[in-house]
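Visitor: I should like to be guided through this structure, with the reason for each term that is used.

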Amino acid sequence: MLVYRLSNLPMHVSDEMVSKYKKGTEPEADVTQEQVDEVYDQLDNLLIKTEEDLAAGIFKNYTEYTLSLGTTLSNVYEAIEFNNIHEGMHYGYILALKKAL
């Protein structure tokens, strides 16, 4: 959302996936291995697609967005940087939960 939608470009993730995992959502049920694999595949493919789109120069416009932290993202590069940090936090939580199990 931060990279494609705010660049006024179509997202390469389904609306269902966005609504299921967007900010403010909570787990509703256990997740199957098939669902985990689907998310992993989508994220992996999206990384490749984003790299291709950056190289092709399709990110021409960006709608500024202020995060709940008070930081404003002004362009697609800032959105990508923030997204990497954000995903790293998720990964850290996953590792901590895995270790606790």
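**Terms and their grounds**

Guide: Tyr21, Val31 and Val36 make up a nonpolar patch on the surface, and together they have about 270 Å² of accessible area. This is a predicted model, in which local features need pLDDT of at least 70 and side-chain atom pairs count only at pLDDT 80 or more, while totals for chains, interfaces and linings use all residues. Residues are numbered from 1 along each chain as its sequence is written, and side-chain values use heavy atoms, with hydrogens and water left out.

Visitor: What makes a set of residues a patch?

Guide: Patches are made of residues with over 30% relative accessible area and no salt bridge; like charges are joined within 9 Å, and nonpolar side chains (Val, Leu, Ile, Met, Phe, Trp, Tyr) within 5 Å. A salt bridge is a side-chain nitrogen of Lys or Arg within 4 Å of a carboxyl oxygen of Asp or Glu. Accessible areas come from the Shrake-Rupley method with a 1.4 Å probe, and for residues only the protein chains shown count as cover.

Visitor: Why is Tyr21 called partly exposed?

Guide: Buried means under 20% relative accessible area, exposed means over 50%, and partly exposed lies in between (1.4 Å probe, protein chains only). Tyr21 has a relative accessible area of 46%, and is therefore partly exposed. Tyr21 belongs to helix H1 (residues 15-21).

Visitor: How are helices and strands recognised, and how many does the protein have?

Guide: They are DSSP runs numbered from the N terminus: helices (H or I) have at least four residues and strands (E) at least two. The protein has 3 helices and 2 strands, in the order α-α-β-β-α along the sequence.

Visitor: Why does Asp53 count as buried?

Guide: The relative accessibility of Asp53 is 6%, so Asp53 counts as buried under the 20% limit. Asp53 lies in helix H2 (residues 33-56), whose buried residues are Leu46, Thr50 and Asp53. Leaving aside residues up to four places away in sequence, Asp53 touches Tyr4, His12, Ile58 and Phe59; contact means heavy atoms within 4.5 Å.

Visitor: Is Leu54, also found in helix H2, buried or partly exposed?

Guide: Leu54 has 27% relative accessibility and therefore counts as partly exposed. Beyond residues up to four places away in sequence, Leu54 touches Phe59, Val76, Tyr77 and Ile80.

Visitor: How do you know that the span of H2 agrees with what is expected?

Guide: The expected span of a helix is 1.5 Å times one less than its number of residues. The 24 residues of H2 should span 34 Å, and the end C-alpha atoms are 34 Å apart, so the two agree. After H2 comes Gly57, with a positive phi near 75°.

Visitor: What is the expected span of H3, and how far apart are its ends?

Guide: The 25 residues of H3 should span 36 Å; the end C-alpha atoms are 36 Å apart, and the values therefore agree. In H3, Val76, Ala79, Ile80 and Phe82 are buried, and the buried residues of H3 pack against H2 and strand E2 (72-73).

Visitor: What makes a group of residues a nonpolar core?

Guide: A nonpolar core is a set of buried Ala, Val, Leu, Ile, Met, Phe, Trp, Tyr and Cys residues joined through side-chain atoms within 4.5 Å. The largest one has 17 residues, and those with the most contacts inside it include Leu2, Tyr62 and Val76. H1 and helix H3 (76-100) are the elements that give two or more residues to this core, and H3 supplies the largest share, 4 residues.
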